[in-house]
Amino acid sequence: MRSSKRLAAGALAAALGVTTLAACGGSDGKKASGGSGGKTVTLVSHDSFNASDPVLKAFTAETGYTVKVLKSGDAGAALNQEILTKGSPRGDVFFGVDNTLLSRALDNGIFTPYEAKGLDRVAADVQLDKDKHRVTPIDTGDICVNYDKKYFADKKLSPPQSFDDLLKPEYKDLLVTENVATSSPGLGFLLGSVAKYGDGGTSRSGEAESGGGWQDYWKKLKANGVKVVDGWEQAYNTDFSGSAGGKKAKGDRPLVVSYASSPPAEVIYADPKPAEAPTGVATGTCFRQTEFAGLLKGAKNEAGGKALLDFLISKKFQEDMPLQMFVDPVAKDAALPAEFTKYGAKITESTTVAPDKIAKNRDQWVKTWSSLVLK
């Protein structure tokens with residue numbers, strides 16, 4: 001269901017296919033010595049997983065575990081493959097299920113419980129399965145509306161900062177977003193509106209009933225000229241006028257649904273680098289995603305898989321992760337890179353929706369959204 005899981009999928013200069021990385025061996029810190037699972041641990045992931053070479057080499061030297069990364073497309077497709085191979089998984093650990101799909105993974109029983117070492121350093125509010133420890137939180141990211149600073153400066157118009165602002169006539173025909181049924185950012189933006197306005201109800205046919213809620217919001221947003229495209233790549237790198245790709249494509253929409261980490265990426269990958277990010281974030285439009293990893297049931301190398309989960313929340317990996325995948329660490333002792341703090345937006349009030357509520361309503365919400373916005 002996702003055409004773009006992370007900004008990193010489109011922004012990184014080179015994506016890994018199958019690679020190796022190191023994971024900590026065990027609580028005693030000794031190198032892996034083979035055992036029933038051997039020295040290879042397979043991490044199944046979406047296409048946006050990445051880690052830097054120095055971190056990989058350091059962990060390999062330290063532990064002896066070699067981790068093969070098996071990338072499997074977008075997050076939804078990767079999860080579906082693990083559900084289909086439940087009990088006979090393609091790897092030992094799965095990385096990349098987020099809070100919008102968490103209940104699907106847990107309900108299908110694809111994970112073996114494991115309480116990773118170091119969870120005491122992870123914020124409690126992201127430990128959504130803390131009673132059973134079937135998954136371990138790894139990172140967070142905020143889906144938010146981004147804006148083209150130059151456009152709004154040239155027009156002498158203040159950029160929008162909230163969901164309500166996007167309905168104002170001065171922003172008519174300026175926003176491009178992604179299809180909820182095919183895109184992670186698109187779905188996150190919908191869920192943000194659900195959290196903000198509530199569920200006004202739908203009929204059995206999927207049509208919105210009277211009573212306001214997010215359905216009424218999207219009717220108004222449609223009337224204000226929102227454009228919907230299939231995925232993040234087209235929205236951000238073609239239609240959005242503020243991105244490097246959008247400038248080349250002569251994009252004409254100065255507002256786009258993307259990530260709070262998009263502005264730092266615009267600076268990091270620019271040549272020459274600008275003094276400030278060319279894009280900004282409407283901080284009142286954000287939806288918080290939390291991404292998890294879990295030990296796959298039936299893993300051939302269960303010991304290595306557990307060690308890998310410990311590694312993923314280690315300070316070394318957590319501090320390497322932001323500039324590799326453009327996400328925020330969950331470990332409280334992990335410092336953000338200077339590029340994030342200098343060029344990124346500080347999101348203090350991101351919305352969220354409980355995974356069980358998403359599970360219960362997701363399909364109906366998508367169906368209703370499609371009937372409201374795409375017809």
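Reader: How much area does the protein expose, and what share of it do carbon and sulfur atoms supply?
Author: This is a predicted model, and in it the protein exposes about 15,300 Å², with 49% of that coming from carbon and sulfur atoms. As for the fold, there are 14 helices and 11 strands, and 55% of the 375 residues count as buried.

Reader: What makes glutamine 318 count as buried or exposed?
Author: Its relative accessibility is 0%. The cut-off for buried is under 20%, so glutamine 318 counts as buried. You'll find glutamine 318 in helix H12, residues 315–325.

Reader: Which backbone atoms does the side chain of glutamine 318 reach, and what makes those polar contacts?
Author: There's the backbone oxygen of isoleucine 138 at 3.0 Å, and the backbone nitrogen of valine 330 at 2.7 Å. A polar contact needs N or O atoms within 3.5 Å, one able to donate a hydrogen and the other to accept it, so both pairs fit on distance. Leaving aside neighbours within four places in sequence, glutamine 318 also has Leu312, Ile313 and Pro329 among its contacts.

Reader: How do you know whether H6 is roughly parallel or perpendicular to H14?
Author: Helices H6 (residues 184–197) and H14 (residues 355–373) pack at an angle of about 105 degrees, their axes 11 Å apart. Angles of 65 to 115 degrees count as roughly perpendicular, so that's what H6 is to H14. Leu187, Leu190, Leu191 and Val194 of H6 meet Ile358, Arg362, Trp365, Val366 and Trp369 of H14.

Reader: What classes of residue make up that contact?
Author: Eight nonpolar, no polar and one charged. Arg counts as charged, so Arg362 of H14 is the charged one.

Conventions. Residues are numbered from 1 along each chain as its sequence is written. This is a predicted model: local features need pLDDT of at least 70, side-chain atom pairs count only at pLDDT 80 or more; totals for chains, interfaces and linings use all residues. Side-chain values use heavy atoms; hydrogens and water are left out. Helices (H or I, at least four residues) and strands (E, at least two) are DSSP runs, numbered from the N terminus. Buried means under 20% relative accessible area, exposed over 50%, partly exposed in between (1.4 Å probe, protein chains only). Contact means heavy atoms within 4.5 Å. Axes are lines fitted to C-alpha atoms, for helices over the stretch in contact, and angles run from 0 to 180 degrees between N-to-C directions. Angles under 35 degrees count as roughly parallel, over 145 as roughly antiparallel, 65 to 115 as roughly perpendicular and the rest as oblique. Accessible areas come from the Shrake-Rupley method with a 1.4 Å probe; for residues, only the protein chains shown count as cover.
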